[in-house]
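Q: Pick one part of this one and give me a close look at it, then work outwards to the rest.

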Amino acid sequence: MKTEQPIVLQIKKIVNEASKIKTFIFDYRLDSEPGQFINLWIPRFDEKPFSISYQDDKKFAVTVACIGPFTEKMCSLKEGDLVGIRGPYGKSFNLKGKNIVLVGGGCGCGPLAFLADEAVKKKINVNFIIGARTKDALLFLERMKKSNIKTFVTTDDGSFGVKGFATDLLKDFLEKNHIDAVYSCGPEKMMKKVAEMCKNKKIYCELSLERYMKCGFGICGQCCMDDSGFRVCTDGPIIQGEEALKLKEFGDYRRDASGKKVKL
Amino acid sequence: MLSTKLCGIKLDNPTILASGILGVTASSLINAANNGAGAVTTKSISLEERKGHSNPVIVTFEGGMINAVGLSSPGIENGIEEVKEFKKRSKTPIIASIFASKTAEFGEAAKRISEAKPDLIEVNISCPNVEAEFGKLFAADAKVAASVTEIVKNSTKIPVFVKLSPNVSNIKEIAKAVEAAGADGITAVNTAGPGMVIDIKTAKPILHNKMGGISGAALRPIAVRCVYDIYETVKIPIIGTGGITNGRDAVEMLMAGATAVGIGSGVYYRGIDVFKKVCSEIEEFMKKEGYKNLKEIIGKAHEN
Ligand SMILES: Cc1cc2nc3c(=O)[nH]c(=O)nc-3n(C[C@H](O)[C@H](O)[C@H](O)COP(=O)(O)OP(=O)(O)OC[C@H]3O[C@@H](n4cnc5c(N)ncnc54)[C@H](O)[C@@H]3O)c2cc1C
Ligand SMILES: Cc1cc2nc3c(=O)[nH]c(=O)nc-3n(C[C@H](O)[C@H](O)[C@H](O)COP(=O)(O)O)c2cc1C
Ligand code: FES
């Protein structure tokens, strides 16, 4: 019988991706789909959700940005240390059409990189817009290039690629090309713009949402969004752009661990 | 066929979303109501804001679920807002669950939450995961349970249900005491234990709080016995809660003496539409056995 208890694994390998961003690789066949996440447990410390950023028959990985107590602790772990995982949880991306665009911001590039790998296997043409604050925070460029994925980089400060936001590049892209579908993960305000652009142009679009999570399997109610009560952990995290735009709090506010509203 | 009444409040069906499951926001409670719940209960609301315990807060095991969420709460002001929002958007009855760590604060919480006009107030004196005033459960001592009930009753005009713990040697005594103190109904039961699950590879308890309350299938026979005992002792209505996942379980609880049934962990085992599923299973059973209404079932196990 399946139980929601963590499986404890050794961290096989740690890769420094960029400044304060690390990928943790595990020798374990996870059988997840792009867009799904795991709850990662540091015993007696805490447990938090992370999207899968890489997977093959024998391995999987998550890519973590060190931004607070838990992720800092993650980043202090060494190869060989033990952590627990449960999942995979949540809904995955649905690949549509022959020519797609991925729009990633920061760590949001993780699930998109996994999606890009799957799309290439299905002979879909992938254009990956990788957005980062600066050159130092740039993710997966080499990995994507190796897979012959077309990459386009934007940085907020112009230290690499095009200066500006990923959404500026997307706008250009949608005007000049025939695109079947757009997939995005990153800051919510960015994703909201992506969803609006796609809605206007009637292009299929999917996003990956983040809300404060406790259980991860749809019972605590902590991750539910207004007004429909959409459970990000089980009904999401992947959602169609048009559906996301119907959620009152999308791009506006979220709830913290107590359930109190906080502005984005 | 499935309608039932709690203190004059009509429920279209006897299934109630139990406290602490999906009950953080009005939107989520409405989602449960749209999935067939005859009434919904908020997650227990406290006066002050509380984050709850660190994760993991819920694990499952072969026999059910064990949780130590640690009574996270957005605080009374936000709690009032969510209940008001629910009342604005839904006709389904709503039960506001309140909790406090000091006897006197229960009165204040009841008074404040009444501003939002919930249909019922449920007093959670039985959460095993947080230390109460005297280092033990309010629900473990008949006198303490009665004094909390009295304070709450004096602070509101809304009918009051008191939620009891199965972790007591004599639940009849506690039930009698809260009835005498003015309770309008009893919810039975909260989680049992507490229990513990240890990861054997790291030799560490999995729940951050180490121990947590047991719900789901493992709790069901205990909950059924508690409801049976309480029904023999008091006249006020009982919401029977513990391990109900299907129509058979619900009918069993009604036969033990419950007027309505709470469903919590069942949301995990059968999905959020567990309420619709349980209702159609109860109805199927009733048709097959020739029952016309719930009155014929409630307390039937006491005829022998
Ligand atoms: C479905 C999903 C997938 C995610 N995937 C990734 C990923 O691939 N890589 C990555 O670096 N991060 C990912 N995150 C975010 C990651 O969970 C947070 O960065 C992490 O929880 C922060 O914890 P902290 O203690 O380091 O920081 P804190 O300072 O505690 O928090 C920083 C931010 O993270 C959010 N956060 C904190 N705890 C939680 C929680 N339990 N659930 C959800 N959000 C929380 C807070 O609201 C805050 O905005 C994902 C989140 C979700 C919901
Ligand atoms: C995750 C979780 C959180 C809970 N939180 C509360 C709570 O805040 N207040 C409360 O009175 N009961 C709480 N409970 C107890 C339930 O309301 C219910 O009494 C118990 O789970 C037994 O029912 P079940 O077997 O159908 O889950 C919680 C239970 C679970 C599983
Ligand atoms: S995290 Fe508990 S319901 Fe989504």
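**An enclosed space, and what else is there**

A: Thirteen residues line the second largest cavity, and G23(B), V24(B), K43(B), I45(B) and P74(B) are the ones nearest its centre. (A cavity is a set of points on a 1 Å grid over the protein atoms alone where a 1.4 Å probe fits but cannot get out, and lining residues have an atom within 4 Å of a point.) Before going on: this is a predicted model, where local features need pLDDT of at least 70 and side-chain atom pairs count only at pLDDT 80 or more, while totals for chains, interfaces and linings use all residues. Residues are numbered from 1 along each chain as written, chains are lettered from A and ligands numbered from 1 in written order, and side-chain values use heavy atoms, without hydrogens or water.

Back to that second largest cavity: its volume is about 100 Å³, the space filled by probe spheres set on points joined across faces, edges and corners. Its lining divides into four nonpolar, seven polar and two charged residues. (Ala, Val, Leu, Ile, Met, Phe, Trp, Tyr, Cys and Pro are nonpolar, Asp, Glu, Lys and Arg charged, and the others, Gly among them, polar.)

Three cavities of 30 Å³ or more turn up in the structure. The largest cavity encloses about 480 Å³. Its lining runs to 37 residues, with S19(B), I21(B), N67(B), N190(B) and T191(B) closest to the centre. Strands β6 (64-67), β8 (120-124) and β16 (260-263) of chain B each give two or more residues to that lining. (Strands are DSSP runs of E, at least two residues, and helices runs of H or I, at least four, numbered from the N terminus.) By class, the lining of the largest cavity has 14 nonpolar, 20 polar and three charged residues.

For an open space, go to chain A. The second largest pocket holds about 330 Å³; a pocket is an open set of points with protein on both sides within 12 Å along at least five of seven lines. Among its 14 lining residues, V15(A), E17(A), T23(A), F140(A) and R143(A) sit closest to the centre. At least two lining residues come from each of β2 (13-18), β3 (21-26) and α3 (141-146) of chain A, and α3(A) gives the most, with four. In this pocket the split is eight nonpolar, one polar and five charged.

Now the place where the two chains meet. The contact (heavy atoms within 4.5 Å) takes in 38 residues of chain A and 45 residues of chain B. Together the chains bury about 3,400 Å², with 55% of it on carbon and sulfur atoms; that is the accessible area (1.4 Å probe) lost on being put together, summed over both parts. Three salt bridges cross the interface, the rule being a side-chain nitrogen of Lys or Arg within 4 Å of a carboxyl oxygen of Asp or Glu. One of them pairs D227(A) with R89(B), whose closest N and O atoms are 3.1 Å apart. On the chain A side, the elements giving two or more residues are β5 (46-55), β7 (82-89) and β14 (224-225). That side counts 15 nonpolar, nine polar and 14 charged residues.

A chain B residue with partners in both chains is F61(B), in strand β5 (58-61) of chain B. Leaving aside neighbours within four places in sequence, F61(B) is in contact with T3(A) and Q5(A) as well as I66(B), I214(B), A218(B) and Y269(B). By contrast, F61(B) and I230(B) lie 29 Å apart, C-alpha to C-alpha, with a sequence separation of 169 residues.

Finally, some backbone details. G236(A) and P237(A) are joined by a cis peptide bond, omega about 5°, and P237(A) belongs to the loop between β15 (230-231) and β16 (238-240) of chain A. Another cis peptide bond links G193(B) to P194(B), with omega about 0°; here P194(B) falls in strand β11 (192-196) of chain B. K123(A) has a positive phi of about 60° although it is not a glycine, and you'll find K123(A) in the loop between α2 (109-121) and β9 (125-132) of chain A.

Key: Buried area is the accessible area (1.4 Å probe) that two parts lose on being put together, summed over both.
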